[in-house]
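This report describes selected helix packings, strand pairings and one pocket. The sequence and the structure are shown below.

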Amino acid sequence: MWLFEQIVEFFSFQDVNIRYVALGTLLLGASSAIVGCFTFLRKKALVGDTIAHSILPGICLSFIVFKTKDPLMLLLGAMLSGWLSVYVVDYISANSKIKPDTAIGLTLSVFFGIGILLLTHIQHSGNSAQAGLDKFLFGKAASLVQNDVITFGIVSVILIGTIILFFKQFSLISFDVHFAKTIGLSVRTFEVILSTITVLAVAIGIQTVGVVLMAAMLITPAAAARFWTDKLKVMVIIAAIIGGISGIFGAFISYTAPSMPTGPWIVAVLSFIAIGSMLVAPKNGAISKIRKQNKNQRKILEDNIIKLLYKLGEKENEFFKNRSIRTLKNYREYPEKKLLKGLNILKKKNQVVLVNDLWVLTEEGKKAGMRIVRIHRLWELYLTTYLRIAPDHVHEDAETIEHIITPEMESKLEHLLDYPEKDPHSANIPYKNEKDINE
Amino acid sequence: MSDFWIILTGCLASVSCGLLGCFLILRQMAMVGDAISHAVLPGIVIAFLFSGSLDSVPMLIGAATFGVITTYLIELFNKKGGLQKDASIGITFTWLFAIGVILISLYADDVHIDQDCVLFGEIAYVALEPLISYIPGLSAPSTVWVLFIVMLLIIAMIIFGYKGLFLTTFDPSFAAAIGVSTVVWHYLLMSAVSVTTVVSFESVGAILVVALLIAPAATAYLITDKLPKMLVISALVGIIASFGGYYLAVWLDASVAAAIATVLGIEFTLAFLFSPQNGIIIKRLRR
């Protein structure tokens with residue numbers, strides 16, 4: 001009941017503070033997720049991390065120079081040093097043998113070091129006006145006030161507006177830089193615009209979630225959204241929703257348990273959604289991939305066993321003979337358990353029957369086995385005829401393709417090769433209607 | 001005497017980090033090192049909850065475990081989840097770090113870990129520790145002892161495992177062909193990084209330990225092409241930064257660890273500009 005009351009109290013947004021905090025985290029979560037989609041797609045996921053660490057020296061320098069905590073001046077300093085860090089990473093990796101990831105780690109840690117050096121210097125210098133600068137380290141989401149929300153609102157409008165305006169250009173430089181260059185797009189200009197809005201998003205967001213976790217606000221929603229869709233527009237919208245929901249949820253948790261920090265909870269929720277998406281998303285999720293894999297493996301097992309039964313029948317000229325597991329094992333080195341599993345599936349499909357512990361092919365099973373063998377031999381012939389591969393090199397390839405070829409491809413092959421009778425190894429290619437199959 | 005202990009702590013931490021860093025950047029795993037340094041936080045908190053103190057042994061086990069978990073998760077998200085490498089690094093370490101901070105807030109009454117300390121540590125505390133004498137005639141603060149032992153272990157690992165580390169770094173497929181396990185060396189190195197991170201944690205914090213790992217190695221990499229030389233130069237760069245950083249911090253009345261990172265940045269810039277082989281100014285003059 002207590003939880004329910006809390007939920008009602010929070011989501012009725014009666015309390016002014018709640019309204020500000022919820023709205024602020026919502027705006028922040030959604031807008032940084034939107035910007036993050038592009039950094040994610042450009043494979044620069046860690047650039048957000050670099051910027052987050054690197055804006056600290058700018059903030060401190062701006063405080064030292066202007067002696068004010070005016071948010072606009074601090075933001076200016078933050079933007080400048082954030083921007084510089086992006087440039088430094090590019091410059092180091094372009095002009096030396098240092099690899100990009102080393103350049104990123106180096107830049108972010110050294111910039112952060114300089115930032116902390118300046119921050120501790122300011123703190124120890126006894127200037128009482130400095131109190132509150134450390135919110136750039138850890139973030140203070142729970143203390144958002146009206147002014148912050150207004151700033152967030154303005155920045156979100158700038159960010160989202162820029163992205164809508166240049167959506168086409170941004171998607172081009174995210175997916176195909178070379179194509180963008182060929183059609184005469186000034187790639188450099190749009191890269192600069194994109195970095196600038198990323199820096200802006202980070203400089204604002206960091207005050208809410210802190211240095212370390214800012215990277216997650218950018219990339220985690222984008223990564224989660226990527227699993228659900230292949231369309232950029234849809235991805236941006238899903239990412240924004242995930243970012244926004246996580247923002248509000250984090251705010252709600254620290255409202256019900258005031259000792260709980262908002263930023264880490266936002267990130268915990270985000271990660272939960274991302275890992276969940278990675279598992280269960282319909283097409284790209286890990287579970288559906290594993291399921292697909294298992295299905296394929298089962299099909300291969302079935303095909304191989306039925307093929308074996310058919311070929312034994314072909315060899316001994318007796319298709320419907322009882323055969324023991326041991327006989328089958330002699331020809332195909334499967335563990336007994338696996339063999340039994342495959343046979344049981346085939347039994348359910350009515351392609352084999354079990355008589356006194358011995359396995360017998362049914363009429364249907366014979367047809368299925370014949371089909372696999374036919375495809376195998378047709379393919380071998382195709383490879384030797386059209387690709388001029390030596391007959392002793394084609395078996396392996398046919399062994400894999402026989403599970404994949406569809407009935408349409410099969411009839412195309414038959415047609416192309418003009419219903420041949422023998423494969424390259426002079427074995428008969430069996431057809432459904434042929435009478436002389438048992439000769 | 002306090003200057004001495006602080007500088008010595010800096011030197012020990014930066015030698016350990018600098019040596020490991022060489023292998024990290026050569027294997028293009030600099031950001032994995034960064035991720036580990038953040039992701040050991042929950043390991044530290046959990047170890048603290050179990051043992052009730054900042055004692056070293058449970059802490060090292062906790063950290064090494066989480067270091068290996070981090071590496072494993074990054075690879076899992078990358079290979080099974082189909083997530084690009086950099087994104088899987090970013091998601092893994094922010095997630096684990098968030099869990100760490102949540103755990104600290106959850107058990108705030110039991111866990112005495114300062115938030116500031118998590119990010120940038122406080123090396124000056126080493127001077128306040130009581131001196132312990134493990135070897136007759138030698139007494140030092142416990143942090144110094146721990147860092148010293150870890151440094152010896154890392155040097156030993158590099159000397160005795162040189163062939164394995166070298167091969168798996170430069171030619172993994174050849175290493176695999178002659179029966180050197182890349183997986184074993186990979187996880188061994190990652191555990192070493194986690195352990196070093198955690199013993200340096202109190203002194204330099206999660207982010208500046210990254211500077212100690214990457215900056216000296218990157219500087220040395222610009223100066224030489226030979227691995228043994230690179231290891232020595234990397235260690236020297238770290239030692240110079242420990243001295244320089246201490247005096248810079250005293251002069252500015254600021255954090256020592258941050259000052260060390262700053263000096264490391266200056267050293268890298270100098271190498272970047274003036275290194276005999278790779279410095280961009282030298283290259284331009286030669287042209």
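In this predicted model, helix α10 (residues 227-252) of chain B and α11(B) have axes that come within 7 Å and cross at roughly 125°. An angle between 115 and 145 degrees counts as oblique, and α10(B) and α11(B) are therefore oblique to each other. The crossing in which α10(B) passes α11(B) is right-handed.

Helix α11 of chain B, which spans residues 256-274, also meets a helix of chain A: the axes of α5(A) and α11(B) come within 7 Å, with a crossing angle of roughly 130°. The pair α5(A) and α11(B) is therefore oblique as well. The crossing of α5(A) and α11(B) is left-handed.

Within chain A, α3(A) packs against α4(A) at an angle of about 135°, and their axes lie 6 Å apart. This angle makes α3(A) oblique to α4(A). The handedness of the crossing as α3(A) passes α4(A) is right-handed. The three packings are set out in the table.

| Helix pair | Axis distance | Crossing angle | Handedness |
|---|---|---|---|
| α10(B) and α11(B) | within 7 Å | roughly 125° | right-handed |
| α5(A) and α11(B) | within 7 Å | roughly 130° | left-handed |
| α3(A) and α4(A) | 6 Å | about 135° | right-handed |

Helices α3(A), α4(A) and α5(A) reappear in the description of a pocket. The second largest pocket has a volume of about 620 Å³. Among the elements that give two or more residues to its lining are α3 (47-66), α4 (71-95), α5 (100-124) and α10 (187-209) of chain A, and chain B contributes α2 (30-51) and α4 (85-106). In total, 31 residues line the second largest pocket, and those nearest its centre are K43(A), K44(A), V47(A), P100(A) and I104(A). Classified by residue type, the lining of this pocket comprises 16 nonpolar, six polar and nine charged residues.

Strand pairing is described for each chain in turn. In chain A, strand β1 (residues 352-355) and strand β2 (residues 358-361) run antiparallel and are joined by four bridges. Along this pairing, V352(A) is opposite L361(A) of β2(A), while V353(A) has V360(A) in β2(A) as its bridge partner. β1(A) and β2(A) form a hairpin with two residues between them, and N356(A) in the turn has a positive phi of about 50°.

In chain B, three bridges connect strand β1 (residues 131-135) with strand β2 (residues 138-141), and these strands run antiparallel. Here I132(B) stands opposite A140(B), a residue of β2(B). β1(B) and β2(B) likewise form a hairpin, with two residues between them. In the turn of this chain B hairpin, G137(B) has a positive phi of about 90°.

Conventions
Residues numbered from 1 in each chain as written. Chains lettered and ligands numbered in written order. Predicted model: local features only at pLDDT ≥ 70, side-chain atom pairs only at ≥ 80, totals over all residues. Heavy atoms only, no water. Pairing = 2+ DSSP bridges. 1 Å grid on protein atoms, 1.4 Å probe; cavity = no way out; pocket = protein on both sides within 12 Å on 5 of 7 lines; lining within 4 Å. Points joined across faces, edges and corners; volume = space filled by probe spheres on them. Nonpolar A, V, L, I, M, F, W, Y, C, P; charged D, E, K, R; others polar. Axes fitted to C-alpha atoms, helices over the stretch in contact; angles between N-to-C directions. Parallel < 35°, antiparallel > 145°, perpendicular 65-115°, else oblique. Left-handed = near helix turned anticlockwise from the far one by under 90°.
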